[in-house]
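Open your viewer, get your selection tool ready, and follow along. Each stop tells you what to select next and what is there.

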Amino acid sequence: MATKFGFTAVCFAFMVWPVSTTALDRVFEKPQEFVSRHFSHSPPPSSFIYPDAGLRKQIRAILHHDYSKFRIRYWAKDGLTVWLLEEIGKELPITLGFAVNDGRLMTVRVLIFRENRGWEIKYDSFTKQFVGAKLTKSHKLGRNIDGITGATMSVRATVRLARLALLLDQAISSP
Amino acid sequence: MIIIPIKITIVKQEPIPSRTTYIHSQVVGVIALLFVLALVFAATSAQADQTQEIERLAEQIKQLKVEIQELTLVTEQNTKGLEATGDAMEMSLSGSSAKQKTSFKGYGELHYNRINADSGSNKRQIDFHRFVLFVGHHFNDRLRLIFEVELEHSLAGAGQPGEVELEQAYVEYDLNQNHRLKGGLILVPVGLLNETHEPPTFYGVERNEVEKTIIPTTWWAGGVGYTVTTKNGLTIDLSIHEGLKIPVGDDDNVNTDARIRSGRQKTAEANADNFAFTGRIRYAAIAGLELAASFQYQSDVTQAKDDGIGSATLVSLHAAYNSGPFGVRALYAMWNLDADSNTTGEAISAQGSNKQHGFYIEPSYRFGNDKVGVFARYEKVKGGRLRDRFNQLSLGANFWLYEKIVLKFDYVRRNHSQASYKDQNFDGINIGLGYYF
């Protein structure tokens with residue numbers, strides 16, 4: 001009896017809930033806020049980097065594919081660069097924010113998560129591992145990042161984008 | 001304005017000269033006056049020309065200013081247009097427009113088994129164990145459809161070893177950022193492998209035996225699920241779904257094994273007299289650590305009263321931890337079946353099938369730029385069937401040829417607990433090739 005009642009109640013709730021078609025990404029921080037707060041709420045105008053053949057090759061070596069955009073927007077001021085990058089974990093792009101200062105990652109933040117699994121990468125305990133990391137000569141992160149069970153693909157996507165942010169920072173710092 | 005200095009010379013009056021001298025002096029005076037007037041006229045004329053030139057230049061500057069303003073406006077419009085074009089191209093290239101939010105994924109694994117039993121029998125087999133295709137369609141950012149179809153053992157049909165199975169088919173809806181509902185054919189939230197079992201994500205060619213015999217992975221069921229996540233790293237899953245239907249035979253042919261795996265109905269015209277409730281709490285807020293506990297209750301696990309078994313409860317606990325190259329996984333699961341007070345129930349209790357449990361522990365180490373991982377796994381299983389009571393040691397390695405392609409080797413040794421199955425103790429090697437995309 002209890003089983004049938006519980007099942008009926010859940011089914012009813014599922015049916016009557018107002019199914020909205022309004023977009024609702026799992027937005028953990030709005031991208032513009034991420035950019036703004038890194039420049040004391042007075043961000044500089046954005047710029048674009050248009051990767052040339054050499055840079056595209058390096059990007060491909062990191063991502064194992066071309067970056068999804070042919071130009072990459074960034075904000076730069078007083079040696080600080082901020083990047084909003086996207087990479088697919090399993091199905092859909094994850095939007096991450098990176099702040100790079102003096103060639104080292106200063107902040108890594110999951111801004112928008114669209115996949116239905118692997119969202120545990122949003123926790124500070126995971127993203128804090130990246131702080132201070134810099135790029136090695138072979139374009140790897142100069143430190144180990146502990147993964148999350150059940151979020152393997154999201155973790156790998158985050159590591160790839162962290163390496164990409166550092167590579168792009170290098171590219172605009174020493175063109 | 002140009003000022004031309006004019007110097008007027010005042011001729012000192014001399015005593016009156018002679019007439020000729022007087023006339024001469026008058027002529028000189030007139031000439032001097034005319035010269036001065038000419039100079040004044042010339043100066044005035046030059047000043048007028050320069051004023052006109054300045055006015056002309058000022059007009060040109062004014063026109064240039066207007067032209068610069070117009071060009072600036074055009075440049076801004078062009079820049080905005082280029083950015084909009086770039087955005088549209090990127091949207092098109094990345095497939096992020098609504099009509100392109102359908103993803104197509106999959107995984108598969110090929111196994112080679114070379115097993116030698118103590119009895120002298122052996123097994124030499126190559127098998128494409130699983131071929132799975134996954135489709136996800138996102139109607140919008142909060143409503144999605146997921147389905148997954150699997151072909152097991154390569155060939156399905158009457159008399160063939162394989163099966164075609166629908167393993168997932170559900171609609172999921174985000175109520176808000178931390179609350180989700182899903183309904184359809186869902187994976188039961190229990191264990192380490194049931195929801196994440198792409199071959200490159202776990203060690204060993206074959207899946208561990210505890211999550212095969214005690215937790216019947218892959219375990220799916222028709223029903224609804226609700227998930228809530230909290231800021232402090234907890235995830236709670238609550239599900240109501242189709243229950244198991246464990247076979248117990250009949251009076252003429254009693255089945256006392258109470259085999260859990262055989263109780264999966266796979267949502268294929270499944271008996272729904274008794275649903276099952278599953279809850280899981282999971283903690284993942286510390287980097288590298290996952291702790292989880294699952295609980296399931298079903299009021300009648302055979303879907304029939306007084307046939308040998310009544311209610312059933314499952315408790316499962318697991319931990320996974322990674323730190324640098326080191327990793328360890330551990331899992332414990334236990335079923336408690338409520339045997340009826342009748343002949344069948346007593347026979348099931350006598351066989352010990354009413355209490356089934358198992359555990360495993362699996363330390364691992366990765367090296368070679370994370371492309372190689374070695375592991376050891378010890379597991380102890382007490383299933384319902386007598387043949388499913390054993391301990392097993394596995395030693396092996398994964399070689400990630402590519403992030404999503406893995407080559408696996410392992411050595412396995414199994415020792416049965418039941419005397420009647422001692423001759424089926426075995427050891428052997430397994431080789432596997434797995435992928436996902």
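## The largest cavity

Begin inside: the lining of the largest cavity is made up of ten nonpolar, 15 polar and 13 charged residues. Keep in mind as you look around that this is a predicted model.

To find the spot, select R117(A), E195(B), T196(B), R280(B) and R282(B), which are the closest to the cavity's centre among its 38 lining residues. The space they surround has a volume of about 530 Å³.

Now switch to a cartoon view of chain B. Which elements give two or more residues to this lining? Colour β4 (163-176), β5 (179-187), β6 (220-229), β7 (234-242) and β10 (275-283) of chain B, and you have them. Of the elements, β7(B) gives the most, with four residues.

## The second largest cavity

The structure holds eight cavities of 30 Å³ or more, and one further cavity deserves a stop. Select K90(A), R117(A), G150(A), A151(A) and M153(A): of the 15 residues that line the second largest cavity, these lie nearest its centre. You have already selected R117(A), since it is also among the residues closest to the centre of the largest cavity.

The volume here is about 160 Å³. If you colour the lining by class, you will find two nonpolar, eight polar and five charged residues.

## Where the chains meet

Leave K90(A) selected and add E198(B). The two form a salt bridge, with the closest N and O atoms 3.5 Å apart. How many salt bridges does the rule find across the interface of chain B and chain A? It finds three. It also finds 15 residue pairs in polar contact across this interface, with both residues at pLDDT 80 or more.

Next, select the side of chain B that touches chain A. Helix α1 (residues 19-94) of chain B supplies the largest share of it, eight residues. By class, this side of chain B has 25 nonpolar, 22 polar and 20 charged residues.

Now zoom out and show both partners. In this view, 67 residues of chain B are in contact with 49 residues of chain A. Between them the chains bury about 5,100 Å², and 53% of that is on carbon and sulfur atoms.

## The largest pocket

Turn on a surface and select I145(A), R156(A), R366(B), N369(B) and D370(B). These lie nearest the centre of the largest pocket, which is lined by 44 residues and holds about 1,400 Å³ of space.

Both chains contribute elements here. From chain A, show α3 (53-63) and α5 (152-173); from chain B, show β12 (309-323), β13 (326-339), β14 (355-367) and β16 (389-402). Each of these supplies at least two residues of the lining, and α5(A) provides the largest share, six residues. Coloured by class, the lining shows 19 nonpolar, 13 polar and twelve charged residues.

## The second largest pocket

For the last stop, select K123(B), E206(B), E209(B), K212(B) and R414(B). Of the 48 residues that line the second largest pocket, they are the closest to its centre. This pocket has a volume of about 1,200 Å³.

Finish by highlighting strand β2 (residues 122-140) of chain B, which gives the most to this lining, with six residues. How do the lining residues divide by class, and what is the count for each? There are seven nonpolar, 18 polar and 23 charged residues.

Definitions and conventions: Residues are numbered from 1 along each chain as its sequence is written. Chains are lettered from A and ligands numbered from 1 in the order in which they are written. This is a predicted model: local features need pLDDT of at least 70, side-chain atom pairs count only at pLDDT 80 or more; totals for chains, interfaces and linings use all residues. Side-chain values use heavy atoms; hydrogens and water are left out. Contact means heavy atoms within 4.5 Å. Buried area is the accessible area (1.4 Å probe) that two parts lose on being put together, summed over both. A salt bridge is a side-chain nitrogen of Lys or Arg within 4 Å of a carboxyl oxygen of Asp or Glu. A polar contact is a pair of N or O atoms within 3.5 Å; within protein, one must be able to donate a hydrogen and the other to accept it, and residues adjacent in sequence count only if both atoms are side-chain atoms. Ala, Val, Leu, Ile, Met, Phe, Trp, Tyr, Cys and Pro count as nonpolar, Asp, Glu, Lys and Arg as charged, and the others, Gly among them, as polar. On a 1 Å grid over the protein atoms alone, a cavity is a set of points where a 1.4 Å probe fits but cannot get out, and a pocket is an open set with protein on both sides within 12 Å along at least five of seven lines; lining residues have an atom within 4 Å of a point. Grid points are joined across faces, edges and corners, and a volume is the space filled by probe spheres set on the points.
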